Amino acid sequence: MKDIEQLVAQLSSEASPIRPAPAPLQLSLRWAGAAFIYLLLALAASGLRSDLAHALQNPWFAAELLLLLLILLGTLLSAALLAFPDLHQKRTLAYTPAALFGAFILLLFFAWHADTPPAPFPVHSFECTLDITFISLIPAALAFFVLRGYASTYPRWAGSFALLAAFSVGAIWLRLYEVNDSILHVVQWHYLPMVGMGLVGWTLGARLLKW
């Protein structure tokens, strides 16, 4: 018995302390801080749209930016909750981005209805999707890297929300950089691709976050 007690004591002394994981809210706030720093750096490199002060006077544009910001924060919080096996007993909160996306769709519908006469289409098209995707690559890679260190039992949802959060960063950047008031163009080349990004995240989550 004494030998066993000595062995237990020796193993206990050799064991390195385990650092507890941050709470989901704290984790999402860290991600949000990193996302905003990255967004500021991207805008510092690209510059702001020349008519931003005038564009912000349009309530539909201001509301669009606000909802995009809420979607970013909501998807980050959901990804953080989904990183834990029990979702920290906040299952309903983990799926709140669904309500935000519903509100966003309604906003875009009313903005399109108010766009009379419609603003002219820009001369480019799919380039916007490529630009958003390019800006989203770094935050997406970092999000998956961090999530792999957790034990999500919902890897598909976690991957989907992580990629949607990263794509939201790119979408916010482009709306603050590109001089464009065409709602139809924005829906077609900015926001419809978000659905595809969510599906990509769903697939990557199953492959990269499963344990």
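This is a short selection-by-selection walk through a predicted model.

**Stop one: helix α8**

Start by selecting residues 155-177, which make up α8. With 23 residues at 1.5 Å each, this helix should span 33 Å, and its end C-alpha atoms are indeed 33 Å apart, so the two figures agree. Now show the rest of the model around it. How many of the residues of α8 are buried? The count is 20 of the 23, so α8 is largely enclosed by the rest of the structure.

**Stop two: α4 alongside α8**

Keep α8 on screen and add α4, residues 59-82. The axes of these two helices come within 8 Å and cross at roughly 155 degrees. An angle over 145 degrees counts as roughly antiparallel, so that is how α4 sits relative to α8. The crossing is left-handed.

Turn on side chains to see who meets whom. From α4, the residues involved include F61, E64, L65, L68 and L72. On the α8 side, look for W157, F161, L164, V169 and R175, among others.

**Stop three: two residues in α4**

Stay in α4 and pick A62. A62 is partly exposed, with a relative accessible area of 29%. If you draw a distance from A62 to L43, which is 19 residues away along the chain, the C-alpha atoms turn out to be 18 Å apart.

Now click on E64, also in α4. Is E64 buried or exposed? E64 is buried, at just 2% relative accessible area. Leaving out residues up to four places away in sequence, E64 touches F104, L107, R175, I183, V186 and Y191. Try a distance here as well: E64 and A111 are 47 residues apart along the chain, yet their C-alpha atoms are separated by 8.9 Å.

**Stop four: α7 against α8**

Hide α4 and bring up α7, residues 127-147. The axes of α7 and α8 come within 7 Å, crossing at roughly 140 degrees. That makes α7 oblique to α8, and the crossing is right-handed. Residues of α7 in this contact include D131, I135, P139 and F144. Their partners in α8 include A162, F167, G170 and W173.

While you're in α7, select C128. C128 counts as buried, at 2% relative accessibility. Apart from neighbours within four places in sequence, C128 is in contact with L174, E178, H185, W189 and H190. For a longer line, connect C128 to A166: they are 38 residues apart in sequence and 15 Å apart in space, C-alpha to C-alpha.

**Stop five: α2 and the loop before it**

Next, add α2, residues 24-46. The axes of α2 and α7 come within 11 Å and cross at roughly 160 degrees. That makes α2 roughly antiparallel to α7, in a right-handed crossing. To light up the contact, select W31, Y38 and A42 in α2, then I135, I138, P139, V146 and L147 in α7.

Step back to P22, in the loop between α1 (2-14) and α2. At 13% relative accessibility, P22 counts as buried. Its contacts, setting aside neighbours within four places in sequence, are L27, R30, F84 and Y150. P22 and A80 are 58 residues apart in sequence, but 9.7 Å apart in space between C-alpha atoms.

**Stop six: a cis bond at P117**

Jump to the loop between α6 and α7 and find P117. Zoom in on the backbone: a cis peptide bond joins T116 and P117, with omega at about -10 degrees.

**Last stop: helix α9**

Finish with α9, residues 183-208. This helix has 26 residues and reaches 35 Å from its first C-alpha to its last, close to the 38 Å expected. Where is the kink in α9 centred? Look at M194, where there is a bend of about 30 degrees.

M194 is also one of the buried residues of α9, along with I183, H185, V186, H190, Y191, P193 and others. To see what they pack against, show α4, α6 (97-114), α7 and α8 together. You've already met some of these pairings: I183, V186 and Y191 touch E64, while H185 and H190 are in contact with C128.

Note on methods: Residues numbered from 1 in each chain as written. Predicted model: local features only at pLDDT ≥ 70, side-chain atom pairs only at ≥ 80, totals over all residues. Heavy atoms only, no water. Helix = DSSP H or I, 4+ residues; strand = E, 2+ residues; numbered from the N terminus. Expected span 1.5 Å × (residues − 1). Bend = angle between axes of the 7 residues up to and from the residue. Buried < 20%, exposed > 50% of the residue type's maximum accessible area, 1.4 Å probe, protein only. Contact = heavy atoms within 4.5 Å. Axes fitted to C-alpha atoms, helices over the stretch in contact; angles between N-to-C directions. Parallel < 35°, antiparallel > 145°, perpendicular 65-115°, else oblique. Left-handed = near helix turned anticlockwise from the far one by under 90°.
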